[in-house]
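Colleague: I'd love a close look at one part of this protein. Which residues form the largest nonpolar core?

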Amino acid sequence: MNMHKNTRLTPSLDLDILNGIMRQAVLQQLQTYFGADTIIETHITRDMLERAEKIRLSNALRGVFEADLVY
């Protein structure tokens, strides 16, 4: 997927992910949390994760944090 540098991806809600407090905060304040202008809700594949420059996760307890793809 070719995207602008200030674009981020997040899993779409039809994947049965929790639309939790932290996810909502990140979506509302994308510039604050990620320094990004745009977010795209999509199905994120393993291939996309393998090609990602960074992988970040979030939850209400830990906030936003970097993660590594482990095989």
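**The nonpolar core**

Modeller: Happy to! Let's start from the outside: the protein exposes about 5,500 Å², with carbon and sulfur atoms supplying 51% of that area (Shrake-Rupley method, 1.4 Å probe). This is a predicted model, where local features need pLDDT of at least 70 and side-chain atom pairs count only at pLDDT 80 or more, while totals for chains, interfaces and linings use all residues. Residues are numbered from 1 along each chain as its sequence is written, and side-chain values use heavy atoms, leaving out hydrogens and water.

Now go inside. Of the 71 residues, 23% are buried, meaning under 20% relative accessible area with a 1.4 Å probe, protein chains only. In soluble globular proteins, nonpolar side chains tend to be buried together. Here, Met22, Val26, Leu30, Phe34 and Ala36 form the largest nonpolar core, with 5 residues (buried Ala, Val, Leu, Ile, Met, Phe, Trp, Tyr and Cys joined through side-chain atoms within 4.5 Å). At least two residues of this core come from each of helix 1 (21-28) and helix 2 (30-34). Helices are DSSP runs of H or I, at least four residues, and strands are runs of E, at least two.

Look at Ala36 next: beyond its neighbours within four places in sequence, it is in contact with Asn6, Arg8, Leu30 and Gln31 (heavy atoms within 4.5 Å).

To place the core in the whole, follow the elements from the N terminus: β-α-α-β-α-β-β. That makes 3 helices and 4 strands. The C-alpha trace spans about 30 × 25 × 25 Å along its principal axes.

Note on methods. Buried < 20%, exposed > 50% of the residue type's maximum accessible area, 1.4 Å probe, protein only.
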